[in-house]
Amino acid sequence: MSDPTTPADLTGTADERRQQLAQRQAEGPLPADWVTRQLVAALEAWAADETVLDIDQESRTDF
């Protein structure tokens, strides 16, 4: 069950998430656990993107 005082997680593209974050910050302080959860999600997405880029780069390497 979710806590009604905790904002919903950020969704969408990086730009959409940044806009949502700015809106929520304007509404007041955000819970630290929520901010941590958003950071972890962003880092996981970044790592996944880096993996895809690494695989793509390796497939272009000419041996």
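**Figure 1. Gly28 and the end of helix α1 in a predicted model.** Gly28 follows directly after α1. Its phi is positive, at about 140 degrees. Helix α1 itself covers residues 14-27, which makes 14 residues. At 1.5 Å a residue, a helix of this length should span 20 Å. The C-alpha atoms at the two ends lie 20 Å apart, so the model agrees with the expected span.

**Figure 2. Gln20 and its contacts.** Gln20 is part of helix α1. Its relative accessible area is 18%, so Gln20 counts as buried, the cut-off being under 20%. A polar atom of the Gln20 side chain sits 2.7 Å from the backbone oxygen of Thr11. Leaving aside residues up to four places away in sequence, Gln20 touches Asp9, Leu10 and Thr11.

**Figure 3. Leu21 and its contacts.** Leu21 also belongs to helix α1. Its relative accessibility is 29%, and Leu21 therefore counts as partly exposed, a class that runs between the 20% limit for buried and the 50% limit for exposed. Beyond residues up to four places away in sequence, Leu21 touches Leu10, Leu30 and Trp34. Leu10 is thus a contact of Leu21 and also a contact of Gln20. Asp9 is twelve residues from Leu21 in sequence. The C-alpha atoms of Leu21 and Asp9 are 9.6 Å apart.

**Figure 4. The largest pocket.** This pocket holds about 370 Å³ of space. Two elements, α1 and α2 (32-60), each give two or more residues to its lining. The lining has 15 residues. Nearest the pocket centre are Leu10, Ala14, Arg17, Gln38 and Ala42. Leu10, which touches both Gln20 and Leu21, is therefore seen again here.

**Figure 5. Make-up of the pocket lining.** Helix α2 gives the largest share of the lining of the largest pocket, eight residues. Sorted by class, the lining has nine nonpolar residues. Three more residues are polar, and three are charged.

Key: Residues are numbered from 1 along each chain as its sequence is written. This is a predicted model: local features need pLDDT of at least 70, side-chain atom pairs count only at pLDDT 80 or more; totals for chains, interfaces and linings use all residues. Side-chain values use heavy atoms; hydrogens and water are left out. Helices (H or I, at least four residues) and strands (E, at least two) are DSSP runs, numbered from the N terminus. The expected span of a helix is 1.5 Å times one less than its number of residues. On a 1 Å grid over the protein atoms alone, a cavity is a set of points where a 1.4 Å probe fits but cannot get out, and a pocket is an open set with protein on both sides within 12 Å along at least five of seven lines; lining residues have an atom within 4 Å of a point. Grid points are joined across faces, edges and corners, and a volume is the space filled by probe spheres set on the points. Ala, Val, Leu, Ile, Met, Phe, Trp, Tyr, Cys and Pro count as nonpolar, Asp, Glu, Lys and Arg as charged, and the others, Gly among them, as polar. Buried means under 20% relative accessible area, exposed over 50%, partly exposed in between (1.4 Å probe, protein chains only). Contact means heavy atoms within 4.5 Å. A polar contact is a pair of N or O atoms within 3.5 Å; within protein, one must be able to donate a hydrogen and the other to accept it, and residues adjacent in sequence count only if both atoms are side-chain atoms.
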